[in-house]
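I opened a fresh notebook page for this one. Here is what I looked up, in the order I looked it up.

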Amino acid sequence: MSRGSSGIVAGLTAAALVAVGVLAYQASANAPDNLAAPRPKASASASATEHAEPKEKKSRPTALPAGSGTGQRVVYALADRRVWLVDAAGKATRTFEVMPSSLNPLPGTYRVSTRSGAPTKGSDGVMIEHVVRFAVVGDAVVGFSAAVDGSMESPDPTLKTGGVRMSRDDGDAMWKFAMVGTKVVVVR
């Protein structure tokens, strides 16, 4: 190959590499955030995994638990990670899965004590909305809330938080249903 044609090939190769680099940069700059690799969570000790999601999805019952009270109420089953909104006639009008907090109230009957509708930062640093508080465990207030970004991740077991997370749609339903004074029945 002559000296002139090797210079042309080298120039074309360099131009192609620059073009590929520019296209790769543009593609990465315009990629949605949800395509990024998940970031590792803070590690938890083996003894602090009581709320970690099981590797295999466990079938959770959807029938209203027996012995969960009467009348209008919110029923929260700790082991099933499920909530029922029950009308005055005792009929469950909605049920949904929740992500328990790192602190749980003892089984019993509570009342909604306060509510906060505006988005705020939860004790775990996540932006939340439609907070419905009903119990206190130690120094932490326990309540239902929905993450503004829709996430329902397992809580960091090193943080003592009382936020029981639900989807945004379920959070909207809880907000409309559970006024201050509404009964909240916690069962195992």
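**Entry 1: aromatic pairs**

I started with the rings and found 3 aromatic pairs in the structure. A reminder to myself: a pair of aromatic rings is described by the distance of the centres and the angle of the planes. I should also note at once that this is a predicted model.

The pair I took up here is Tyr76 with Phe144, which is edge-to-face, with 5.6 Å centre to centre and 75° between the planes. Tyr76 belongs to strand 1 and Phe144 to strand 8, so this pair ties together parts that are 68 residues apart in sequence. I checked the burial of both partners, and Tyr76 and Phe144 are both buried.

Next I turned to Phe134 and Phe144. Their ring centres are 4.9 Å apart and their planes meet at 20°, so I wrote this pair down as stacked. Phe134 comes from strand 7 and Phe144 from strand 8, so the parts tied together here are 10 residues apart in sequence.

Which residues form one aromatic cluster? I listed Tyr76, Tyr110, Phe134 and Phe144.

**Entry 2: a closer look at Phe134 and Phe144**

Are these two rings buried or exposed? Phe134 has 4% relative accessibility and counts as buried. Phe144 has a relative accessible area of 0% and is buried too.

Phe134 sits in strand 7. I then looked up its C-alpha atom against that of Tyr110: the two residues are 24 apart along the chain, and the atoms are separated by 6.1 Å. Leaving aside neighbours within four places in sequence, Phe134 is in contact with Tyr110, Tyr76 and Phe144, and its other contacts include Pro105, Arg111, Val142, Val184 and Val186.

**Entry 3: Tyr76 and the cores**

I made the same list for Tyr76, again not counting residues up to four places away in sequence. Among the residues that Tyr76 touches are Arg82, Val83, Pro100, Asn104, Phe134, Phe144, Val164, Val185 and Val187.

Where do these residues sit in the wider packing? The largest nonpolar core has 22 residues, and those with the most contacts inside it are Val74, Tyr76, Val83, Leu85, Phe134, Phe144 and Met174. At least two residues of this core come from each of strand 1, strand 2, strand 7, strand 8, strand 9, helix 2 and strand 10. I also found another core lying apart from it, with 6 residues, among them Val75, Ala77, Val86 and Val187.

**Entry 4: strand 10**

Strand 10 kept coming up, and I gave it a page. In this strand, residues 183–187, 5 of the 5 residues are buried, so the strand is largely enclosed by the rest of the structure. I looked at its two faces separately: Lys183, Val185 and Val187 are buried on one side, and Val184 and Val186 are buried on the other.

Which strands pair with strand 10? Strand 1, residues 73–77, pairs with strand 10 in the parallel sense over 4 bridges. Here Tyr76 turns up again, standing opposite Val186. Strand 4, residues 108–111, pairs with strand 10 in the antiparallel sense, also over 4 bridges. I noted Arg111 as the bridge partner of Lys183.

**Entry 5: Ser102 in its loop**

Ser102 lies in the loop between strand 3 and strand 4. Is it buried or exposed? Its relative accessible area is 16%, and a residue under 20% is called buried, so Ser102 is buried.

I looked for polar partners of the Ser102 side chain and wrote down two. A polar atom of this side chain lies 2.7 Å from the backbone oxygen of Leu159. The backbone nitrogen of Thr161 lies 2.9 Å from a polar atom of the Ser102 side chain.

**Entry 6: a charge over a ring**

One more ring caught my eye, that of Trp175. The charged end of Arg115 sits over this ring, 3.6 Å from its centre.

**Entry 7: stepping back**

I ended with the whole chain. I counted 2 helices and 10 strands. From the N terminus on, the elements run α-β-β-β-β-β-β-β-β-β-α-β. Of the 188 residues in the chain, 31% are buried. Of the contacts with a separation of 6 or more, 54% are between residues 24 or more positions apart.

Key:
Residues are numbered from 1 along each chain as its sequence is written. This is a predicted model: local features need pLDDT of at least 70, side-chain atom pairs count only at pLDDT 80 or more; totals for chains, interfaces and linings use all residues. Side-chain values use heavy atoms; hydrogens and water are left out. Buried means under 20% relative accessible area, exposed over 50%, partly exposed in between (1.4 Å probe, protein chains only). Two strands pair if DSSP finds at least two bridges between them. A polar contact is a pair of N or O atoms within 3.5 Å; within protein, one must be able to donate a hydrogen and the other to accept it, and residues adjacent in sequence count only if both atoms are side-chain atoms. A nonpolar core is a set of buried Ala, Val, Leu, Ile, Met, Phe, Trp, Tyr and Cys residues joined through side-chain atoms within 4.5 Å. Contact means heavy atoms within 4.5 Å. Rings of Phe, Tyr and Trp (its six-membered ring) pair if their centres lie within 6.5 Å; planes under 30 degrees apart count as stacked, over 60 as edge-to-face and the rest as tilted. A charge sits over a ring if NZ of Lys or CZ of Arg is within 6 Å of the ring centre and within 35 degrees of the ring normal.
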